[in-house]
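Dear colleague,

Please find below the structure that I am handing over to you, together with its sequence. A summary of the findings follows it.

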Amino acid sequence: MSSTNRITKPHEIVERALELSTADGCVVIADEGSSANLRWAGNALTTNGVTRSRTLTVIATVDGKEGTASGVVSRSAVTAEDLEPLVRAAEAAARGAGPAEDAQPLVTGVPAAPDFTDAPAETSSAVFADFAPALGEAFARAREGGRELYGFANHELVSTYVGTSTGLRLRHDQPNGTLELNAKSPDRQRSAWAGRSTRDFKDVDPTVLDAELAVRLGWAERKIDLPAGRYETLLPPTAVADLLIYQMWSAAARDAVEGRTVFSKPGGGTRLGEKLSGLPLSLRSDPNAPGLESAPFVIAHSSGDDASVFDNGLPVPATEWIADGHLNRLSTTRHTAGLTGMQLSPGFGNLILDAGGEKSLEEMVAATERGLLLTCLWYIREVDPATLLLTGLTRDGVYLVENGQVVGEVNNFRFNESPVDLLSRASEAGRTEKTLPREWSDWFTRAAMPALRIPDFNMSSVSKGV
């Protein structure tokens, strides 16, 4: 067996790809993933499994008279024999491309990760060692209470290795767990949902979620029809997260400067420094936030409005996007920071909204004279980028609150709202807590949000969906 065929470890594959490169610059990203999952329906487990994955991304840069071009090729299940064709494909893509608009010198000067040569971290079914028995207890309680539980638990662990021709050798292990639980009445006429985000399933208890869902199914025994209109509405943390994640995805500095987003100022410029909320809101990202840890350096498999392959390995600092209710930062790459004259603010791996509130959602309900309590949002789509007007649907429970008590379940609605406008109209924020963004959980799970009270949330039409 040749020495090349013995190259199987992620760091060895990265090093070999860099050795094979004949380009002027090269970045290699190896993602080693593993996942474990449980699924259940009707108070019984249905499937479980463990998977493994490997993806290798090679970014070649080629200097020319008109500038530096880049070529990016990604492939899965890469073996040692696949390396040279992959590297050559990236180089060919770079040589066939025009100068890259976002071209910058590859990052240097970042200390090497001490665990770069260690084996990738892996998850397994053992991550559910405490969770699975508790889930069985939740099934038993649900059967006794005449309700059925459906849902899934998924845990992923991705070890990312980044090596560059400029000497960077970095690594990040990212655990990511999600729990989604639906409770339904036997006739399927009532449904309630709860979800949690977790790093290790040690901080989630399905029996607690089942008890919460039992209460909500009880609320749903009384049905109340309401027309479309504007209602005082309590948005739970999961709904706030879904809206603000979309807002952050629309917060690229260059787009704002060029007049294409809600953060563009009429007549030119941006809304940086503008007051967005009367509440003392702080919207921030921090790679070291406890329980929400994310990559402390840029990992970019492709370039876009808010990411650049040339920035791979660039340190990601804690960033306050909104400070004391004022727009403080827009996201930039090194290229767009230079174009716009703004501070360098790389992308975000988590999102935290805090207004200093101390009330729980239950306490906010108790202080409501008349309003709606939502469970979650789904099918969110953009209507107008200039105002960031979004539309979407409520799901799995909208409840009417009167005199501090939930008095029944109302019909679902389609809403039309801009998250930026909602921040300006929010009259109260509860305490910040970790939450699972239901709509975006396939792409983004690390969020901590408060519930928000909106005096006049726009329920634009009645929806028949659940």
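In what follows, helices are DSSP runs of H or I with at least four residues, and strands are runs of E with at least two, numbered from the N terminus. Please keep in mind throughout that this is a predicted model.

By that assignment, residues 229–460 are 16% helix and 34% strand, and the C-alpha atoms at the two ends of this span are 6 Å apart. The span corresponds to an annotation in UniProt, where an unreviewed entry gives it as "domain: Metalloprotease TldD/E C-terminal". The same kind of record, again an unreviewed entry, lists residues 28–94 as "domain: Metalloprotease TldD/E N-terminal". Residues 28–94 are 18% helix and 67% strand, with their end C-alpha atoms 14 Å apart.

Strands β1 to β3

Strand β2 (residues 44–64) is joined to β1 by 17 bridges, and the two run antiparallel. One of the bridge partnerships is that of D31 with T55 in β2. The two strands form a hairpin with 2 residues between them, and G42 in the turn has a positive phi of about 55°. Strand β2 also pairs with β3 (residues 67–76): here 10 bridges join the strands, which are again antiparallel. Within this pairing, A60 has G71 of β3 as its bridge partner. β2 and β3 likewise form a hairpin, with 2 residues between them.

Aromatic contacts

The model contains 16 aromatic pairs. In one of them, W40 and F131, the ring centres lie 6.4 Å apart and the planes meet at 45°, so the pair counts as tilted. This pair connects distant parts of the chain, since W40 belongs to strand β1 (residues 25–41) and F131 to helix α3 (residues 131–145), 91 residues apart. Both W40 and F131 are buried. They also belong to one aromatic cluster, formed by W40, F128, F131, F139 and F201.

Two arginines are placed over aromatic rings. R39 lies over the face of F152, 4.9 Å from the ring centre. The charged end of R395 sits over the ring of W378, at 4.3 Å from its centre.

The open sheet

An open sheet of 6 strands has the order β11-β10-β9-β12-β19-β18, with mixed pairing. Its edges are β11 (326–327) and β18 (433–435); each has a single partner strand, so one side of each is left without a neighbour in the sheet. Inside the sheet, strand β9 (residues 282–285) is joined to strand β10 (residues 319–323) by 3 bridges, and these two strands run antiparallel. S285 has T319 in β10 as its bridge partner.

The largest pocket

Which residues lie nearest the centre of the largest pocket? They are I299, F348, G349, W443 and R446, out of 45 residues that line the largest pocket. The elements that give two or more residues to this lining are β4 (148–164) and β5 (169–184). The volume of the largest pocket is about 1400 Å³.

Should you wish to begin with a single region, W40 may serve as a starting point when you view the model: W40 is in strand β1, is buried and takes part in the aromatic cluster with F128, F131, F139 and F201.

With kind regards

Technical notes. Residues numbered from 1 in each chain as written. Predicted model: local features only at pLDDT ≥ 70, side-chain atom pairs only at ≥ 80, totals over all residues. Heavy atoms only, no water. UniProt positions renumbered as here; feature names shortened; annotations may be inferred. Phe/Tyr/Trp six-rings, centres within 6.5 Å; stacked < 30°, edge-to-face > 60°. Buried < 20%, exposed > 50% of the residue type's maximum accessible area, 1.4 Å probe, protein only. Lys NZ or Arg CZ within 6 Å of the ring centre and 35° of its normal. Pairing = 2+ DSSP bridges. 1 Å grid on protein atoms, 1.4 Å probe; cavity = no way out; pocket = protein on both sides within 12 Å on 5 of 7 lines; lining within 4 Å. Points joined across faces, edges and corners; volume = space filled by probe spheres on them.
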